[in-house]
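Student: Could you take me slowly through one part of this model, starting from a loop and working towards the helices and strands around it? Please explain each term when you first use it.

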Amino acid sequence: MAYFRLANQHQQQLRPYFQYLSRNDILPSKRSHFQGHPSRKLSSKPTPTSTTSIVPPTPPPGAITVERDKLDLSFTDARQAYRSKSTLEILRAWVVLRLCNVGFLVENNEKLMKLGQRVLGKWLFGKTMEMSFYGHFVAGADQIAIQPNLQRLREFGVKAILDYSVEEDLSEDAAKNKELLSTIPSTGPDKPAPSPDPLNKYKQSSEFADRRQKSVARTYFYMDEAACEGNMEIFLQSIEAVSVATSGTGFAAIKLTALGRPQLLMQLSEVIARVHTYVGLVTGKRGRIIEQGAKPEDFQQKLAQAAKLDPTVQAWLDGMTYDSTGLINVLPWTGLVDLQKGIGESMKVADLKTGKMESLMPTPLSEREEEMFKNMMRRLHKIFQRASELEVRVMVDAEQTYFQPAIARITMEMMAKYNKDKAIVFNTYQCYLKRAFDYIRTDMEQAKRQGFYFGAKLVRGAYMEQERQRAEGMGYPDPINESFEKTTEMYHNCMEEGMKRSVEWKKEGKPRMIQLMAATHNEDTVRFVIKKMKDYGIRRPDRVISFGQLYGMCDQISFPLGQSGYSVYKYVPYGPVAEVLPYLSRRAQENRGFVGKTKKEMGMLRKEFFRRLLKGQLFYRPKGNYQALKDVAK
C-alpha cells in the first residue's frame, strides 16, 4: 500500500500544477510538441571550440540557426563537456566520483547511508545528500522540482528520459519472500527438471529470488494489485511531466514487473519457449517462428483430419497471424493483449499426434490469476493511450531472461497497436545476450510485415553476473556472451542491422519507420555508430539514431554530442531523497566498476576547474543557446 499512498500523494500535489498549466495554455497540445519553445532565443553565433573531426552541415538559406559545436571524437574537450555545470557542480562531481573509487565506502554504502540518517536526522541528511550523491545522480524530488535541471539539459542540447526511481528498501529475506510469493503459481511451485534443461530457466528458486543481487538495475517486487495501480499512476505522472517539461522531445521509462504479478510473465515466457519448439517439430528448424519460415499450410496438412472432427482446431488454425511470406504468430497474442481472450484459452495448440487442443501453460491459472493478467494489460493500455494522446514516447525496460520473452512479446503487440502512425512504444534489447541479434532482427521483420513503426533502445545489459550464476545453479545454458568483446560485437551488429533496414525502408518510401537509441557509456561504440551513420548516409536531422547515457555519468559524451546536433538523452531519475537510496547505491557500485572511465572524467573535471580558476571564471553561470534536436514521434 506504500506505493499506492505515494502515488495518491504526488497526484494531489501535482493536480493544481497541471490545472494551472492547462488554464494558461502551457500544457502542450498534440501540435505544440512539434513547435519550438515560444520564449527560446536562438543565437546564431558559433561557440569557439578546439579542432575537431565532425563538422555540422551548413543550414539551408532561410533556416533558423542555433548554436552548434564541432564534435571532438576523442571526447576529451573538458570545456565542451562541462559548460552546462557551475564550478560548484564541477567540484561536487569530482568529489562524488572520487568517493565512488573508495572500496570501503562503496562496499558499505547502504549501511553508511542508514547510519547517516540516524546520526544526522532526516532534514540534515537530506541536505547532505543533495550537496553530494543525490544532487549529482538524481534530478529532484518530483515532477516540479526537476524542471530547472531539465531546462538546463535542453539549453545545452540534451533531452530527457524520465524515470521515477523510488524503491522499497527491503532486507534480503523480505525481498526473497515477496519474490517467491509473487512467482509461485496458486497450484504450487513447479519443480525444476533434472539438469540440464532449458525450461529450468522459467522455474523459481529461493537461492536466486532476490533479483537485486549482482544487478545495477532498479527492481520492483510485487506487493499487491493496489501497489501496481500506484505504479501505473506514477508512470502516468511521468508521461505528463515529459509532455510539459520537454516540449515533445522526451521519453518516459516503465517496467512491466511494476504493473503486475511476475509469475505471469515467467509462465508466459515458458509458453513462448514451448511454442517455438512446437513449431520446430513441423518445420524441422529452431528459433523464433519468423526465423523458422513456417507456413499456415504446414499445419493445415498435418491437422486436416483433426480440424474436421474438432471445430476448435480449425478455429485455432484460422486464428494464426500470417502474411504471404509465412507465419508471424501461432498463438492469438493480439486477442490476449487486447483483453478479448484469457490466458487459459489462448495458450493452446493442437497436438500433432492426437489432434486435440492442449495447453502450453506449465500449470493452469486460477480465475484470480487470469484477472491479474487482465489488470496488467489494462494498466499498460492506459499508459500507452495517455502517451499517444500527449505524443510522449515510452521506453519499456528490459529485465531478466526468465521474464524477457513475455515482456518483448507484449511490447511488440503494443507496438502493433500504438505505433501505426508514429513510434510511441520502444522496446529494449540487451546485447550481452547470445541471441540479441536474432531477437532484434526478427522483431524488425515483424514490424515491416505488419506495417508499424519500430522503436528500440540498445543496451549492453544490467544482469550479467546474476544471469550467469542463476544459469549455472539451475542447470540451463548460460544466455550471456562469453566476453566483453563478443558483447561489443553483438551491439555493433544490432545497430548496423537497424541502420541498414532503416535505409532500405526509406528507399521504399517509408522513412523513420525504424528509430534506434544507442544507450551506451562506451566511447568506442559511440564512434562506431557515428561512423556507420556516415557510411549509410543517415544524417543527424533524419532523427533515426539517438544516444543515451545516465544522468550524472559520461557528460563528456552526452553534452558534446548534443551541442554538435546529435540526438542525445540523459536517463533522468527523480524521487525523494530517502526513497532513492537503493538507486544511489547502485550508481556508486556502477561507477566503481568503471574505474578507467571515472579516472578520465575526474581528470577532465580537474582540468576544467583549473581552466576557470586561471581565467577568472569561478563564478561562471551556465546558460546555453543550444536547441535539442526534436525527435518528433512521426
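Tutor: Lys422 has its place in the loop between α18 (404-418) and β8 (425-430), where helices (H or I, at least four residues) and strands (E, at least two) are DSSP runs, numbered from the N terminus. The model is predicted, so local features need pLDDT of at least 70 and side-chain atom pairs count only at pLDDT 80 or more, while totals for chains, interfaces and linings use all residues. Residues are numbered from 1 along each chain as its sequence is written, and side-chain values use heavy atoms, with hydrogens and water left out.

Although Lys422 is in a loop, the residue counts as buried because its relative accessible area is 17%; buried means under 20%, exposed means over 50%, and partly exposed lies in between, for a 1.4 Å probe and protein chains only. Gly455 is 33 residues from Lys422 along the chain, and the C-alpha atoms of the two are separated by 9.5 Å.

The helix before this loop, α18, is mostly covered, with 13 of its 15 residues buried. From its first C-alpha to its last, α18 reaches 20 Å, which is close to the 21 Å expected at 1.5 Å a residue; that expected span is 1.5 Å times one less than the number of residues.

From here we can turn to strand β4 (residues 327-329), where Asn329 is found. Asn329 is buried, because its relative accessible area is 6%. Its side chain is joined to that of Glu413 by a polar contact of 3.3 Å, a polar contact being a pair of N or O atoms within 3.5 Å; within protein, one atom must be able to donate a hydrogen and the other to accept it, and residues adjacent in sequence count only if both atoms are side-chain atoms. If neighbours within four places in sequence are left aside, Asn329 is in contact with Ile289, Met320, Thr321, Arg409, Glu413 and Gln446, where contact means heavy atoms within 4.5 Å.

Strand β4 also leads us to helix α13, since the buried residues of α13 pack against β4 as well as α11 (262-283), α14, β3 (321-322) and β5 (348-350). Those buried residues are Pro296, Phe299, Leu303, Ala306 and Ala307. As background for reading such a list, an α-helix has 3.6 residues a turn, so residues three or four places apart point the same way.

Ala307, which is found in α13, counts as buried because its relative accessible area is 10%. Leaving aside neighbours within four places in sequence, Ala307 is in contact with Val313, Gln314 and Leu317. Between Ala307 and Ala350 there are 9.3 Å in space, C-alpha to C-alpha, although the two are 43 residues apart in sequence.

The meeting of α13 (residues 296-309) with α14 (residues 311-318) can now be described as a whole: the two helices pack at an angle of about 145°, with their axes 6 Å apart. Such axes are lines fitted to C-alpha atoms, for helices over the stretch in contact, and the angles run from 0 to 180 degrees between N-to-C directions. On the α13 side the residues are Phe299, Gln300, Leu303, Ala306, Ala307 and Leu309, and they meet Pro311, Val313, Gln314, Trp316 and Leu317 in α14. The residues of this contact divide into nine nonpolar, two polar and no charged, given that Ala, Val, Leu, Ile, Met, Phe, Trp, Tyr, Cys and Pro count as nonpolar, Asp, Glu, Lys and Arg as charged, and the others, Gly among them, as polar.

Two further values describe the form of α13. A kink of about 70° is centred on Leu303, the bend at a residue being the angle between axes fitted to the seven residues ending there and the seven starting there. The end C-alpha atoms of α13 are 19 Å apart, which agrees with the 20 Å that its 14 residues should span at 1.5 Å a residue.

To set this part in its surroundings, the protein has 25 helices and twelve strands, and 58% of its 634 residues count as buried. Among the contacts with a separation of 6 or more, 79% are between residues 24 or more positions apart.
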